[in-house]
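Please find below my notes on the model, set out as numbered points. They follow the order in which I would look at the structure.

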Amino acid sequence: MTSDLPKRLGILIVVSGASGTGKSTICTQVRKDMPTLGFSVSCTTRPPRQGEKDAVDYYYISKKEFEKRIEAGAFIEYAEVFSNYYGTLKSEVMDRIKAGKDIFLDIDIQGAMQIQQAAENDALLKKCCEFIFIMPPSMNELEERLRGRSTDSEEQIKQRLKKAEKEISFRHKYEHLIVNDKLERAVSEMENLIRDMRLNAKRMTENMCNV
Ligand code: 5GP
């Protein structure tokens, strides 16, 4: 007997990290190397940057429209980051993980914590979610990176470091930590981690023997 259920559920891979740790660079590379990973297009109220495309990088919507969607319960999570709203749509994630598709989410810590909370009362999410946190090698190195990359004032650098320290304190809430001491190594660690996740028996569906 065959069934139209997938052999395993998809993985909802939630990646966050402290500011300045190179999270976006790692995520972009992993998505390039693993084209079978699905990506959830978030909604945001921030304007598109040069080269970004609507419905590809984000769904760019107004604050009013975003708040309407919050009311309608359209988001798994949403957060205010740098005075703009960002949110993950249920429609981008839930049906796809049920169908066995792995989805990659690059979101901030507030959003990841909301997904953890939602998973407490949602058996499907609980099975499907994996949380990865990207760490800087050390506070000293983070400080060097922040100083090296920007024209920020001393005051701004201090503020960023303080913020990063607070963000890093959330690392214990994540199951997987990746230290970005060397980009290539961090990318390959994340890719190996995802390969391991794909073999985890907890997401194999019961009908596996029947197909
Ligand atoms: P950016 O404006 O540079 O694209 O993103 C700013 C921050 O918002 C990044 O840390 C990114 O991970 C986070 N972000 C992007 N999409 C979402 C989302 O849907 N939800 C949450 N909570 N954060 C997001």
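**Notes on the predicted model**

1. Helix H1 (residues 23-33) lies across four strands, namely strand E1 (12-17), E2, strand E7 (103-106) and E8. The helix runs at about 165 degrees to E7. Helix H3 (residues 90-98) also packs on the sheet, where it touches E1, E2 and E7. The direction of H3 makes about 150 degrees with that of E7. This is a predicted model, and local features are given for pLDDT of at least 70.

2. The sheet itself is open and has five strands, in the order E2-E7-E1-E8-E9, with parallel pairing. Its edges are strand E2 (38-39) and strand E9 (176-179), each of which pairs on one side only. Strands of a sheet pair through backbone hydrogen bonds, in either a parallel or an antiparallel manner.

3. What does E1 pair with? Four bridges join E1 to E7, and the two run parallel. Six bridges join E1 to E8, again in parallel. Ile-13 can serve as a reference point: its bridge partner in E7 is Phe-104, and its bridge partner in E8 is Glu-130.

4. Is E1 buried or exposed? Six of the six residues of E1 are buried, so the strand is largely enclosed by the rest of the structure. In a regular strand the side chains alternate between the two faces of the sheet. Both faces of E1 are covered: Leu-12, Val-14 and Ser-16 are buried on one side, and Ile-13, Val-15 and Gly-17 are buried on the other.

5. Further along the sheet, strand E8 (residues 129-135) is joined to E9 by four bridges, and these strands run parallel. Met-135 has Val-179 of E9 as its bridge partner.

6. Strands E5 and E6 deserve a separate point. Strand E5 (residues 75-81) has five of its seven residues buried, so it is largely enclosed by the rest of the structure. Six bridges join E5 to strand E6 (residues 84-89), and the pair runs antiparallel. Phe-75 is bridged to Leu-89 in E6. The hairpin of E5 and E6 has two residues between the strands, and in it Phe-82 takes a positive phi near 45 degrees.

7. How do H6 and H7 pack? Helix H6 (residues 139-149) and helix H7 (residues 154-168) pack at an angle of about 140 degrees, and their axes are 10 Å apart. The two helices are therefore oblique to each other, since angles over 145 degrees would be needed to count as roughly antiparallel. H6 passes H7 in a right-handed crossing.

8. The contact between these helices involves Met-139, Leu-142, Glu-143, Leu-146, Arg-147 and Arg-149 from H6. They meet Glu-154, Ile-157, Arg-160, Leu-161, Ala-164, Glu-165 and Ile-168 from H7. By type, the residues of this contact are seven nonpolar, six charged and no polar.

9. Arg-147 is worth inspecting within that contact. The residue is found in helix H6. Its relative accessibility is 35%, so Arg-147 counts as partly exposed. Leaving aside residues up to four places away in sequence, Arg-147 touches Glu-154 and Ile-157. The C-alpha atoms of Arg-147 and Ile-157 are separated by 7.2 Å, and these residues are ten apart along the chain.

Terms used:
Residues numbered from 1 in each chain as written. Predicted model: local features only at pLDDT ≥ 70, side-chain atom pairs only at ≥ 80, totals over all residues. Heavy atoms only, no water. Pairing = 2+ DSSP bridges. Contact = heavy atoms within 4.5 Å. Axes fitted to C-alpha atoms, helices over the stretch in contact; angles between N-to-C directions. Parallel < 35°, antiparallel > 145°, perpendicular 65-115°, else oblique. Left-handed = near helix turned anticlockwise from the far one by under 90°. Nonpolar A, V, L, I, M, F, W, Y, C, P; charged D, E, K, R; others polar. Buried < 20%, exposed > 50% of the residue type's maximum accessible area, 1.4 Å probe, protein only.
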